[in-house]
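Me: Let's go through the ligand site and the pockets, and I'll keep asking what backs each label.

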Amino acid sequence: MKIAIMGAMPEEITPILKIVGEYKTTEYANNTYYEASYKGTELVIAHSKIGKVFSTLTATSMIQHFGCDKLLFSGVAGGINPSLKIGDLIVATKLSQHDLDITAFGHPMGFVPGGSVFVETDKELINIAKDVAKELGKTVQEGIIATGDQFVHDSKVKDAIVKNFNADALEMEGGSVAVVCDALNVPFFILRAISDTADTDASFSFDEFMESSAIISAEFIMKMVDKLVE
Ligand code: SAH
């Protein structure tokens, strides 16, 4: 087993690198990959940079170049479901690309021929997350995550995403990572801690809470890794 652990921004993987302690740094395809042996299992850790294209490149590299056979994503997201507060964790059951739009041809939002509106995540990894949550006495909500190449800070945009995808949270990488892992048959898991609620003041909330929420998500992911390597 070789586990990929991915974030989008440096702050999302720094807490993971701290826990892992020692690692080897490799430059590949304009990005830095951190390879570590953790409790006898190989880990490859990287932040992709923000957005669907960079996260596609990193997820593909981790699988095809570094040989990872499981992928865990840790990061922050904008909450849509009013039950999600700053710092709360959401695990994606399925993900969509909310900005993929060829509706002019009669297709639904998020759909292109040969693809599907939603990509489902791995159920076994969700079960491991539930076990970890139970052990930590933490609530982890399951839900739909919508991904697009924009930082959403507008309730009208949010409402449209709810209407089209019934999403609970939104971010900028999960949906593309999902497409890669699904196509390459690699079980994957997307975890996000809420940093903002994608409203007018989202950028301020993000700046205030991104780091603390990223740590909450990263620490939970490492508890999952502990279970996986047991
Ligand atoms: N402040 C950063 C930009 C952050 S973009 C800079 O200046 O470099 C937001 C990042 O957090 C993305 O990686 C995305 O996945 C996630 N995210 C958190 N809240 C979001 C929101 N409201 N809309 C879209 N993505 C969000």
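**Ligand and pockets**

Reply: The ligand occupies the largest pocket. Ground rules: this is a predicted model, where local features need pLDDT of at least 70, side-chain atom pairs count only at pLDDT 80 or more, and totals for chains, interfaces and linings use all residues. Residues are numbered from 1 along each chain as its sequence is written, and side-chain values use heavy atoms, with hydrogens and water left out.

Me: What makes the space taken by the ligand a pocket?

Reply: On a 1 Å grid over the protein atoms alone, a pocket is an open set with protein on both sides within 12 Å along at least five of seven lines, and lining residues have an atom within 4 Å of a point. A molecule sits in one if more than half of its atoms lie within 2 Å of its grid points. The ligand's space is the largest pocket, holding about 200 Å³, a volume being the space filled by probe spheres set on the points.

Me: Which residues line the largest pocket nearest its centre?

Reply: V76, F151, E171, M172 and F206, out of 18 lining residues. β5, β9 and β10 each give two or more residues to that lining (strands are DSSP E runs of at least two residues, helices H or I runs of at least four, numbered from the N terminus).

Me: Why is the D196 pair called a polar contact?

Reply: A polar contact is a pair of N or O atoms within 3.5 Å. A polar side-chain atom of D196 is 2.7 Å from a ligand nitrogen, so the pair qualifies. V152 offers a polar backbone atom 2.9 Å from a ligand nitrogen, and for G78 a backbone N or O atom lies 3.3 Å from one.

Me: What makes D196 a residue near the ligand?

Reply: Near means that one of its heavy atoms lies within 4 Å. D196 is among the nearest of the 18 residues around the ligand, with V152, L170, M172 and E173.

Me: Which residues lie nearest the centre of the second largest pocket?

Reply: Q97, G115, S116, V119 and V179, from a lining of 15. The elements giving two or more residues there are β6 (89-97) and α5 (174-183), and the volume is about 160 Å³.

How values were computed:
Polar contact = N/O pair within 3.5 Å; in protein donor to acceptor, adjacent residues only side chain to side chain. 1 Å grid on protein atoms, 1.4 Å probe; cavity = no way out; pocket = protein on both sides within 12 Å on 5 of 7 lines; lining within 4 Å.
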